[in-house]
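Subject: Structure for you to look over

Dear colleague,

I am handing over the structure below, and I would be grateful if you could read it alongside the notes that follow.

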Amino acid sequence: MSVSQGTIKKQSDAKLSVSKEKNNTGGVLLTTALMAGYSMIYMDKNMISTAIIPIAEQFHLTTSQTGLIMSLFFLGYSLMQIPGGWLADRIGYKKVLMLSLSLITIFSFAFGLAGSLLMFILIRFLAGIGHAGYPPSCSKGIAENFPKTRRTFIQSLILSTSGIGGIFAFVIGARLIDLNWHYAYYALGTFFAIALLMVALLVPNSQPTAKTKIEKKQVSFKSVISNRNVIILFVAMLLANVAFYGNMSWLPTFLKTKFSLSISTVGIILAVNAIGGTLASIFAGVLLTKYFAGKEKLLLMVCSVLSSLLFLGLVLSNSLALSIAFLYVLTFLLTTIFVGIFSWPHKILPENVIGSSIGIVNTGGTLGGFIAPMAFGALISMAGGSFSIVFITLAIAVVICGLVLLTVKTEK
């Protein structure tokens, strides 16, 4: 009498789920370490948009040149995202996490020592390569250590560090930049070294995925990269991050220029915005898990339309208070879109290719980050310093993102 393959699969999944639920303390330590590293990742991404202001003044750089510095970071990031995810699936997520943080630590200190446009571009490109392995390795760690029912929330919790990193960037980073931008990058390098130590001590080594006789057939990387949903999420993440990083990269300069604010004042506004981003990420995880499970398309489409209207509001508003209000709501909506796209693979793709799939999807995001600062820097120069064309373009991009997400194929 034979046991059906479905029964074997269910028994295997049940055992794996129980195993993952048992070690709550290990799960807390793992999440804490991953959040520490991710916080520094986002501190770095946010801080450059403020640091570029005194760097541009000191070295007499144009908006096209400063946009190039910010964009080349994302080019390096994009080139290594898919290899980073593949490595996380093949050699283990912890090794890739440590390699990633080691590289970023080195290049953060190096950026503080740089003194020419070529060096700024080269170091940020190499730093992007270092960053690339972290997101897919985190997702792989979540998939290996938490049951499927908890992965979306844990992923959103870790992504909430976008706000924590923003707080560090716009409070500590902005104040140090006001004193001397070199000091800010020496501090950043130190923070990354601490995060590396936490990952080394608190993150468990990768565990081989539980195997049964029916699991002999492996999912190939080729099938992942050609998967319809992976391609759709790749495109959606590209558009979402054109909006997210286009906004983030030029927002400090926009606020400083339009409302004649100091860097410290801009830092305070954006630090509060970062706190909202942290809360938004956690709340988005709750929404997607508790209230919109199976209705992700509806939530993300509504967020896309509202985001588009708020981008247009930033163009039209001449009130600082109203612009800040628009910004804070916009951050909540964009964060919800980002968390929704980033966590969706956990629901619709096999665990053994999560690292690769997240690497591919997030490559779309990093390409968006590559395109946005450089392209919009050139557009601002062409428009004689006007930011209107940037926010109108962002409004269009985020609506198209929502429409693309409607084509994701989900099981009924």
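How many cavities of 30 Å³ or more does a search of the whole structure find? Bearing in mind that this is a predicted model, the search finds four of them.

**The largest cavity**

The largest of these cavities has a volume of about 240 Å³, and its lining is made up of 19 residues, among which N46, F244, M248, N273 and T331 lie nearest the centre. Several helices take part, since the elements that each give two or more residues to this lining are α2 (24–59), α8 (161–179), α11, α12 and α14 (320–343). Of these, α11 provides the largest share, with five residues. Sorted by class, the lining of the largest cavity holds 10 nonpolar and nine polar residues, and no charged ones.

**The α11 and α12 pair**

Two of the helices that contribute to that lining, α11 and α12, also contact each other, with L251, P252, L255 and K256 on the α11 side meeting I263, V266, I269 and L270 on the α12 side. By class, this contact has seven nonpolar residues and one charged residue, with no polar ones. As for the geometry, α11 covers residues 228–259 and α12 covers residues 263–291, and their axes come within 10 Å and cross at roughly 125°. The two helices are therefore oblique to each other, and the crossing of α11 and α12 is right-handed.

**The α7 and α14 pair**

A second pair brings in α14, another of the helices that give two or more residues to the lining of the largest cavity. Its partner is α7, which spans residues 148–159, and the axes of α7 and α14 come within 10 Å and cross at roughly 135°. That angle makes α7 oblique to α14, given that only angles over 145 degrees would count as roughly antiparallel. The crossing of α7 and α14 is right-handed, and the contact is made by T152, Q155, S156 and L159 of α7 together with F338, V339, F342 and S343 of α14. Here the residues divide into four nonpolar and four polar, with no charged residue in the contact of α7 with α14.

When you open the model, the lining of the largest cavity may be a convenient place to begin, with N46, F244, M248, N273 and T331 as the residues that lie nearest its centre.

With best wishes

How values were computed. Residues numbered from 1 in each chain as written. Predicted model: local features only at pLDDT ≥ 70, side-chain atom pairs only at ≥ 80, totals over all residues. Heavy atoms only, no water. Axes fitted to C-alpha atoms, helices over the stretch in contact; angles between N-to-C directions. Helix = DSSP H or I, 4+ residues; strand = E, 2+ residues; numbered from the N terminus. Parallel < 35°, antiparallel > 145°, perpendicular 65-115°, else oblique. Left-handed = near helix turned anticlockwise from the far one by under 90°. Contact = heavy atoms within 4.5 Å. Nonpolar A, V, L, I, M, F, W, Y, C, P; charged D, E, K, R; others polar. 1 Å grid on protein atoms, 1.4 Å probe; cavity = no way out; pocket = protein on both sides within 12 Å on 5 of 7 lines; lining within 4 Å. Points joined across faces, edges and corners; volume = space filled by probe spheres on them.
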